[in-house]
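This report concerns the architecture of a protein model. Please consult the sequence and the structure shown here alongside the text.

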Amino acid sequence: MLRYKINKISEISTDKLLNFYKKTYNNRYKSLTNNWRWWYRTDHSEFEPLILSVDEQVVGQAGLLPVDLNVLGKKVKAIWFVDFAILPKFQNQGFGKILTKEWMKICSNQITFCNDLSLKIFKKIGWKNSLFEKRYAKPINVLKFIPLLNKLNLNLINNGLRYFIKKKYTSEVLSNPYNIKDNFKVLNDSFKIKKNIDNGTLAEIIRDESWLYWRLMKCPYIKDIYFFEYKNNFAIVHIFLARNIKKLNILYTYSTDNHEYNELFKIIINWSINNNIDFLWAIGRNKQLANYFSKIFTKSLNFASWSSDEKIFNVLQNGLSDPQAIDSDIDSSLYIE
């Protein structure tokens, strides 16, 4: 095996990171190079992503996001395993397993959403996975996703399809989203009074005010983040254009009332139709959420976990109580430049 070194990300020069990110994250390399300190939340703990180098060249990374969890009523530190990559030339040489094992020494509690390839590596070293978390999607401008029909510009058919969607989710309430940057206090006030939900034996991400401030106010892309509010229920969304598709990613929702939850989603869908949104997207394990998305676009996500503490490990294996798109790097489309 080639000789290698493993360093903290803060010990690696910007040029070397840029060269690596260009090869591994083609759509995100500028964003990651410029904003890794924010994205990996390095001011929250002493934890840092690890970088693997061969002959002074960066060939691999095991990223992380520090997070606080409520597990069986106790606050515990954990890390999300994110942005894990090995350059193709150096794959199948054991570097992935080496880097993962070294990363696992950083913190005793680890969680991740991962693809099948990464999951194979995790399972070999004792991780467990669950498939309770779902990714939901809903095309609104359906024809835009069929290239041939999109070229024909069949506006009449498209408008008819959008009309039927709007009719199905009729709402008497009309509301425009607030821009986070200019209205953070409004959201923060709603966030302060939200009640913690008893989630039994499931692990829960602690989303307090410091978490909210880091995730939103310090976000380099705050200008594209908005929130809808209805009777102290709210949904944080990211609205952006990518490859001529206008998307609305639902990053986070909060509600304790089923009727108000329904109204909140009807408001979002109606606003999306009226403002030429082509595609809605969300993450969760809430069965009620599934009512607003297309079954054929619903996908189970690999949630994997490990802990050196047997009691914590047993809890983590059941997944998270309230996973959202704002967690982990699952909303990475937000960071395209």
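The sections below describe the chain as a whole, then its sheet, its helices and its cores.

## Overall composition

The model is predicted. The protein chain contains 10 helices and 15 strands. Of its 337 residues, 53% are buried. The accessible surface amounts to about 16,800 Å², and carbon and sulfur atoms contribute 49% of that surface.

Contacts between distant parts of the sequence are frequent by count: among contacts with a separation of 6 or more, 72% join residues 24 or more positions apart.

## The seven-stranded sheet

An open sheet is formed by 7 strands, arranged in the order β8-β10-β11-β12-β13-β7-β14, with mixed pairing. Its edge strands are β8 (178–179) and β14 (299–300), each of which pairs on one side only.

At one edge, β8 pairs with β10 (residues 225–230) in the antiparallel sense over 2 bridges. In these bridges, Y178 has F227 of β10 as its partner, and N179 is matched with Y226 of β10. On the β11 side, β10 and β11 run antiparallel and are joined by 6 bridges; one of the bridge pairs consists of I225 and H238 of β11. The hairpin of β10 and β11 has 2 residues between the strands, and K231 in this hairpin takes a positive phi near 50 degrees.

How is β10 placed with respect to the rest of the structure? Of its 6 residues, 5 are buried, so β10 is largely enclosed by the rest of the structure. Helix α9 (residues 258–274) lies across β10, β11 (233–242), β12 (245–254) and β13 (279–284). The direction of α9 is at about 135 degrees to that of β10.

## Helix α2 and its surroundings

Helix α2 (residues 29–39) is mostly covered, with 8 of its 11 residues buried. These buried residues are Y29, S31, L32, T33, N35, W36, W38 and W39. The elements that cover them include α1 (14–24), β3 (57–71), β4 and α8 (209–217). After α2 comes R41, which has a positive phi near 50 degrees.

Three residues of this helix also appear among the neighbours of Y21: with residues up to four places away in sequence left out, Y21 touches I9, N26, Y29, L32, T33, Y40 and Q61.

## Two positions in helix α3

G96 is located in helix α3 (residues 95–103). Its relative accessibility is 13%, which is under the 20% cut-off, so G96 counts as buried. Leaving aside residues up to four places away in sequence, G96 touches F84, I86 and I121. The C-alpha atoms of G96 and Q61 are 9.0 Å apart, although the two residues are separated by 35 positions in sequence.

T100 also belongs to helix α3. Is T100 buried or exposed? At 0% relative accessibility, T100 counts as buried. With the same sequence neighbours excluded, T100 touches F81, F84, I121, F122 and I125. F84 and I121 therefore appear in the contact lists of both G96 and T100.

## Nonpolar cores and cysteines

In soluble globular proteins, nonpolar side chains tend to be buried together. The largest nonpolar core of this model has 87 residues. Which residues have the most contacts inside it? They are Y21, L69, W80, W103, W127, L216 and I236. Strand β4 (residues 74–86) supplies the largest share of this core, 9 residues. Apart from the largest core lies another, of 23 residues, among them F228, I269, A282 and Y292.

The count of disulfides comes to 0. Two cysteines may be noted individually. C107 is buried, with a relative accessible area of 7%. C114 is likewise buried, and its relative accessible area is 15%.

## Summary

The predicted model combines 10 helices and 15 strands. Within it, the open sheet runs from β8 to β14, and helix α9 lies across four of its strands, namely β10, β11, β12 and β13. Helix α2 is mostly covered, and both G96 and T100 of helix α3 are buried. The nonpolar residues include a core of 87 residues and, apart from it, another of 23 residues.

Conventions
Residues are numbered from 1 along each chain as its sequence is written. This is a predicted model: local features need pLDDT of at least 70, side-chain atom pairs count only at pLDDT 80 or more; totals for chains, interfaces and linings use all residues. Side-chain values use heavy atoms; hydrogens and water are left out. Two strands pair if DSSP finds at least two bridges between them. Contact means heavy atoms within 4.5 Å. Axes are lines fitted to C-alpha atoms, for helices over the stretch in contact, and angles run from 0 to 180 degrees between N-to-C directions. Buried means under 20% relative accessible area, exposed over 50%, partly exposed in between (1.4 Å probe, protein chains only). A nonpolar core is a set of buried Ala, Val, Leu, Ile, Met, Phe, Trp, Tyr and Cys residues joined through side-chain atoms within 4.5 Å. A disulfide is a pair of cysteine sulfur atoms within 2.5 Å. Accessible areas come from the Shrake-Rupley method with a 1.4 Å probe; for residues, only the protein chains shown count as cover.
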